[in-house]
Amino acid sequence: MQYNVSSKKNIKSNLNEAIIIADIRKNRVLEEINLLNQKILELKSKMNLYDSLYEVTLNSKNQITLRDIGNKIGLNISKSQIHFNLSREIIKDKLERNKKRLLSQIMSIEKNIKYLEEELSNIYICPSCGGSGTIIKIQHHREGRHVTTMKHPQECSLCKGKGKIK
Ligand SMILES: [Zn+2]
C-alpha cells in the first residue's frame, strides 16, 4: 500500500483507510480463531470418546462389547473370534493410533491459533512506518566527486510517530 503524504487531508483519509483495512483483517482473524477453537473442542470430545472406549476395552470380558467397540472404530471384529485377547489388543492398538493422530491434529491447530493471535496483536501497527513511528529520509550530499549519504529520521506522518494506527 502506498501513501501519498502530500496534504493533511490525504493523511487523514489514508489513516482512515488503513484503520478500516485493519478492522476487516481483525474480524477475519477472530473468525478464523473461533472456527479453529470449535474444531479443537470437537477433536477433544472425540479424544474423550476414545479414552472411554479404551477403558472399556481394557476391562471388558465380553466379546460382543469388544465387537461393538471394534465396529465403532471401523474394525471388523467377529463375535465368534476365538482369540478374545487378540481382538482386545487389535482394538487397543487402533484406539491408541487414533488418539495419537487426534493429538497431533490438536497440536497443529493450536500452533495455527498461536500464529493468528500473534497476527492479531500486530494488526494496528502502522503500515507506513512498520511500528517504529519514524520514517528514514535518505539524502545524498555531493561535494565535488565525493557523495555522502545522510539518513534523517522523520516522524511518521500517518501515525504521528505513535507506530500504531489505533
Ligand atoms: Zn507510522
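**A spread-out helical domain and a bare hairpin**

Lys111 is exposed, having 10 other C-beta atoms within 10 Å; here a residue is exposed with 12 or fewer other C-beta atoms within 10 Å of its own, buried with 20 or more, and partly exposed in between, the C-beta atoms being placed from the backbone. Lys111 sits in helix α3. In sequence Lys111 and Leu41 are 70 residues apart, and in space their C-alpha atoms are 15 Å apart.

A word on the model itself: it is predicted, so local features need a pLDDT of at least 70 and side-chain atom pairs count only at pLDDT 80 or more, while totals for chains, interfaces and linings use all residues. Residue numbers start from 1 along each chain as its sequence is written.

Taken as a whole, the protein has three helices and two strands, and from the N terminus on they come in the order α-α-α-β-β. The radius of gyration is 30 Å, well over the 15 Å that the globule rule gives for 166 residues, so the protein is more spread out than a compact globule. (That radius is taken over C-alpha atoms, and the rule is 2.2 Å times the number of residues to the power 0.38.) Helices (H or I, at least four residues) and strands (E, at least two) are DSSP runs, numbered from the N terminus. Along the principal axes, the C-alpha atoms fill a box of roughly 100 × 40 × 20 Å. Just 12% of the 166 residues count as buried. Of the contacts with a separation of 6 or more, 57% come from residues 24 or more positions apart; a contact here means two C-beta atoms, placed from the backbone, within 7 Å.

The chain splits into domain 1 (8-123) and domain 2 (125-166), with bounds that come from an automatic or database domain assignment. Between the C-alpha centres of the two domains there are 47 Å. As for where they touch, seven residues of domain 1 are in contact with six residues of domain 2. On the domain 1 side, that patch holds five nonpolar, two polar and no charged residues. For this tally, Ala, Val, Leu, Ile, Met, Phe, Trp, Tyr, Cys and Pro count as nonpolar, Asp, Glu, Lys and Arg as charged, and the others, Gly among them, as polar.

Now to helix α2 (residues 63-72), where Leu66, Ile69 and Gly70 are buried. They cover an arc of only 100° around the axis, which puts them on the same side of α2; the arc is that of the directions from the helix axis to the C-beta atoms. These buried residues pack against α1 (8-59) and α3 (84-121). Turn to the other side of α2, and Ile64 and Asn71 are exposed. After α2 comes Gly74, with a positive phi near 85°. Asn76 lies in the loop between α2 and α3, and counts as exposed with 8 C-beta neighbours inside 10 Å. Asn76 and Ser87 are eleven residues apart along the chain, with 9.7 Å between their C-alpha atoms.

The two strands tell another story. Strand β1 (residues 134-143) and β2 run antiparallel, joined by ten bridges; strands pair if DSSP finds at least two bridges between them. β1 and β2 make a hairpin with two residues between them, and Gly144 in the turn has a positive phi of about 65°. Across the pairing, Ile136 stands opposite Pro153 in β2, and His141 stands opposite Thr148 in β2. The hairpin is pretty bare: β1 is hardly covered, with zero buried residues among its ten, and β2 (residues 146-155) is hardly covered too, with zero buried among its ten residues.

In the segment after β2 sits Lys160. Lys160 has a positive phi of about 60° although it is not a glycine. With 14 other C-beta atoms within 10 Å, Lys160 is partly exposed.
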